[in-house]
Amino acid sequence: MTIIFTSSTTVFFLLMIVSQLFRQRSCQVHAFCSLSFRQQKFSRTNEKFIRLLASATGTQFTDEALGEARRKFQEAVELYEANVKATPPNVDSILRELETEASEPDFWETSNQARNAHVTSQISRYSRLVSTLEEWESLKGDGEVAVDMLLSEDADDVFSIEEKESLLEELKVASEKLLEDGKRYELELLLSGPYDDQPCRILLTAGAGGTEANDWVADLRRMYERHASKMGFTVTVEDEQAGEVVGYKSVELIVDGGANPYGWFKAEKGAHRLVRLSPFNANNKRQTTFAGVDVAPIFVDEATFDEIDIPDSEIEITTMRSGGAGGQNVNKVNSAVRIKHLPTGLAVKCTQERSQAMNKDIAMKRLKAQLLAIAKEQRVAEIKEIRGDRVEAAWGQQIRNYVLHPYKMIKDQRTGWETSNAQNFLDGDLEPCIAALLRHKAQEEQDASLQEPSTA
């Protein structure tokens, strides 16, 4: 009986093992079938997505569409080659030398601060340029591969119509991106002024219009902050004076990072005129208001100031209480400083420090920075030759009109550039307007240089 029981037990356990193996195999087969079904379903969904994408973007493969895409790509490649030629050929070696210098043990010593700032800014600049060149090369390669595949002899046999439309879409995307980046780089090449690569200070001040003008300053602040973010700049608020009801009497912004902050924003200097139905008018009447925008470079290398000397007789210094947060000191002591340059009427104010001496030093540096920038703009050899350049936020001085009623139009008075999409512009889409102004100024400088020999 013992032997029979043992045999029965063995058979029982063997049957259990076989049953368990069968169930595991069955689950694996079921999982495999389920995975195969999901893969087939994904493949069908993917093909459907490609067709929908091509339909949504209007990418339908035809010989005409391919020809147009090739012409667009050729235009992008020509612009790419022109921009590469305008780029320093030894960008990589320049960047390596700068990084080697920055890695030296004594580089970050306090006595070397001016050089630190210069090298750091140059490393940032050339790093962006290297990344840009690599991205262009990648886009150019993607477009060339798409063209080669679409023009291959066996393309009709190898690719379905959906795959051809997908390749055509890839070619169009590469071309558009290459053209967009190339045109933006063309604008950067126009920013070759001696101070264009410096950070900048944007000062917004309310002009004629009272509460409406204060609200207009708030709108301009929002516009510039959004545009700076879109262009890759960083913006910090250095100072702000709130209006009595809404908005601001003045706002001071610092723009840094990105490529050529001062060069990009310097043309925004001037009076900006707004026409709209005022929400602060009880009768909802149309009202015109103004705000002044002043832009000045911030010199990272303070040795730049050594070349400018302002006699004490040409400046007027006044002190006042800073007000606002900061404890009893700022509310009881005249720590804020305002310096006015009498020959030009330029005035700068500094309230950011608790010490009057520190505020005076900062204000003097800001004044010198503005005078140097204006001297370059007016092409004068000495500071004493500078003409008055104070921004007047009043009628007749505007550089740009923002009309929101009875029609919508924003027009730059210097170039004639205009748009009816006022909301988009106020949301920070300033690039087309600034680009038109940069090209306009470049053309003016070119015309002036051509006329110089004939007047000699």
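Below, two people discuss the open sheet and two helices of a predicted model.

Colleague: In what order do the strands of the open sheet stand?

Modeller: The sheet has 8 strands, and its pairing is mixed. Its order is β2-β3-β1-β5-β4-β9-β10-β11.

Colleague: Which strands stand at the edges of the sheet?

Modeller: An edge strand has a single partner, so one side of it is left without a neighbour in the sheet. The strands placed like this are β2 (234–242) and β11 (418–419).

Colleague: Which residue of β5 is the bridge partner of Leu203?

Modeller: Strand β1 (residues 200–206) runs antiparallel to β5, and 7 bridges join them. Within this pair, the partner of Leu203 is Asp294.

Colleague: Which residue of β5 does Leu274 stand opposite?

Modeller: Strand β4 (residues 270–277) is also antiparallel to β5, with 8 bridges. Opposite Leu274 stands Thr289.

Colleague: Are β4 and β9 parallel or antiparallel?

Modeller: Strand β9 covers residues 398–403 and shares 5 bridges with β4. Val275 stands opposite Val403 in β9. The sense of this pairing is parallel.

Colleague: How many residues of β5 are buried?

Modeller: Strand β5 (residues 286–297) has 12 residues and is mostly covered. Helix α7 (residues 211–230) lies across β5, running at about 45° to it. The number of buried residues in β5 is 9.

Colleague: How far apart are the end C-alpha atoms of helix α2?

Modeller: Helix α2 (residues 63–85) has 23 residues, and at 1.5 Å a residue they should span 33 Å. The model agrees with this, because the end C-alpha atoms are apart by 33 Å.

Note on methods: Residues numbered from 1 in each chain as written. Predicted model: local features only at pLDDT ≥ 70, side-chain atom pairs only at ≥ 80, totals over all residues. Heavy atoms only, no water. Buried < 20%, exposed > 50% of the residue type's maximum accessible area, 1.4 Å probe, protein only. Helix = DSSP H or I, 4+ residues; strand = E, 2+ residues; numbered from the N terminus. Pairing = 2+ DSSP bridges. Expected span 1.5 Å × (residues − 1). Contact = heavy atoms within 4.5 Å. Axes fitted to C-alpha atoms, helices over the stretch in contact; angles between N-to-C directions.
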